[in-house]
Amino acid sequence: MSLQEIQTRIENACLAAGRARDACTLIAVSKVQPNERVQAVLEAGHRVFGENRVQEAQGKWPDFKARFEGVELHLIGPLQTNKARAAVELFDVIHTVDRSKLARTLARLADEMGTCPDIFVQVNTGDESQKAGVSVDDADALVAECRDLGLPLKGLMCIPPVGEAAALHFALLAKIAARNDLKGLSMGMSGDFEDAIAQGATHVRVGSAIFGARDYG
Ligand SMILES: *Cc1c(COP(=O)(O)O)cnc(C)c1O
């Protein structure tokens with residue numbers, strides 16, 4: 001599917017939900033994709049991209065950023081504290097703050113570097129033991145701590161459990177955001193971004209529907 005088709009589907013889903021046509025930002029998830037596919041999407045004019053590994057992003061984005069103006073880069077994968085400095089240097093938005101230690105590290109780096117990416121708190125809405133994200137029960141406390149630390153907190157992010165109705169998780173994330181007075185909702189991927197928009201997503205993270213299947217070979 002083309003970038004333009006995805007954009008049109010996003011706009012239509014916004015309008016169908018009674019929201020503004022441009023209420024939702026498309027993050028093109030370029031992880032693992034060959035550089036020529038990423039470049040084609042840049043040449044088509046798109047500027048908002050997502051990567052889930054700091055090291056992989058360091059390998060390609062400094063060069064793309066030098067060649068294409070206005071790139072906005074989102075980290076959507078887990079962040080270890082020892083990579084936090086590199087992440088602050090490279091990314092405009094971090095979607096995966098899920099623990100106090102990481103929040104405190106980012107606040108310290110922000111102080112030292114005089115800049116900080118926008119922040120989303122990742123919530124493990126399915127309370128899956130193997131998955132990243134703060135538990136539903138601890139989400140409000142982590143949100144409060146991020147605010148106390150002065151981090152530029154914009155919203156919440158989730159990755160619903162495989163094989164479950166994603167819409168229930170989107171609704172839960174929206175509920176937690178509303179009670180914390182947060183506007184940003186990073187939710188929805190290639191298979192379910194229209195459902196996410198119906199539930200209020202402000203950022204959808206779409207990879208394979210734009211770029212084609214990822215080849216991990
Ligand atoms: C890879 C990834 C996506 C994109 O997945 P697709 O199914 O290819 O759209 C979205 N969010 C996160 C956190 C990812 O790691």
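These legends walk through several views of a predicted model, from the whole protein to single residues.

**Figure 1. The whole protein is built from nine helices and nine strands.**
Start here to get your bearings. The radius of gyration of the protein is 17 Å, close to the 17 Å that the globule rule gives for 217 residues, so the protein is as compact as a globular protein of that length. Along the principal axes, its C-alpha atoms fill a box of roughly 40 × 40 × 35 Å. Of the 217 residues, 49% count as buried. Take the contacts between residues at least 6 apart in sequence: 59% of them join residues at least 24 apart.

**Figure 2. The surface and charges of the protein.**
The accessible surface comes to about 10100 Å², and carbon and sulfur atoms account for 46% of that area. The protein carries 24 positive and 29 negative side chains. If you mark the centre of each set, the two centres lie 2 Å apart.

**Figure 3. Helix α2 has buried residues and exposed ones.**
This view shows residues 35-43, which form α2. Look for Val38, Val41 and Leu42, which are buried. Seen down the axis of α2, the buried residues fall within an arc of 105°, so they line one face of the helix. On the other side of α2 you will find Glu36 and Glu43, both exposed. The cover over the buried residues of α2 includes helices α1 (3-16), α3 (54-67) and α9 (208-211), along with strand β2 (48-51). Follow the chain just past α2 to reach Gly45, where phi is positive at about 105°.

**Figure 4. Gln58 in helix α3 is partly exposed.**
Gln58 lies in α3, one of the elements that cover the buried residues of α2. With a relative accessible area of 40%, Gln58 is partly exposed. Setting aside neighbours within four places in sequence, Gln58 is in contact with Ala86 and Leu90. Phe91 is 33 residues from Gln58 along the chain, and their C-alpha atoms are separated by 9.8 Å.

**Figure 5. Val121 is a buried residue of strand β5.**
Val121 sits in β5, and its relative accessible area is 0%. Leaving out residues up to four places away in sequence, Val121 touches His95, Val97, Val134, Leu142, Cys146, Leu153, Gly155, Leu156 and Met157. For a sense of distance, pick out Arg9 as well: Val121 and Arg9 are 112 residues apart in sequence and 27 Å apart in space, C-alpha to C-alpha.

**Figure 6. Asp127 has a positive phi in a loop.**
A little background helps with this view and the next. Most residues other than glycine have a negative phi. Asp127 is not a glycine, yet its phi is positive, at about 45°. You can find Asp127 in the loop between β5 (118-124) and β6 (134-135). Its relative accessibility is 47%, so Asp127 counts as partly exposed.

**Figure 7. Asp181 also has a positive phi.**
The loop shown here runs between α7 (166-179) and β8 (184-186), and Asp181 is found in it. Phi of Asp181 is near 60°, a positive value in a residue other than glycine. Is Asp181 buried or exposed? With a relative accessible area of 58%, Asp181 is exposed.

How values were computed: Residues numbered from 1 in each chain as written. Predicted model: local features only at pLDDT ≥ 70, side-chain atom pairs only at ≥ 80, totals over all residues. Heavy atoms only, no water. Buried < 20%, exposed > 50% of the residue type's maximum accessible area, 1.4 Å probe, protein only. Helix = DSSP H or I, 4+ residues; strand = E, 2+ residues; numbered from the N terminus. Arc of directions from axis to C-beta. Contact = heavy atoms within 4.5 Å. Rg over C-alpha atoms; globule rule 2.2 N^0.38 Å. Areas by Shrake-Rupley, 256 points an atom, 1.4 Å probe, with all protein chains shown as cover. Lys, Arg positive; Asp, Glu negative; His and termini not counted. Charge placed at Lys NZ, Arg CZ, Asp CG, Glu CD.
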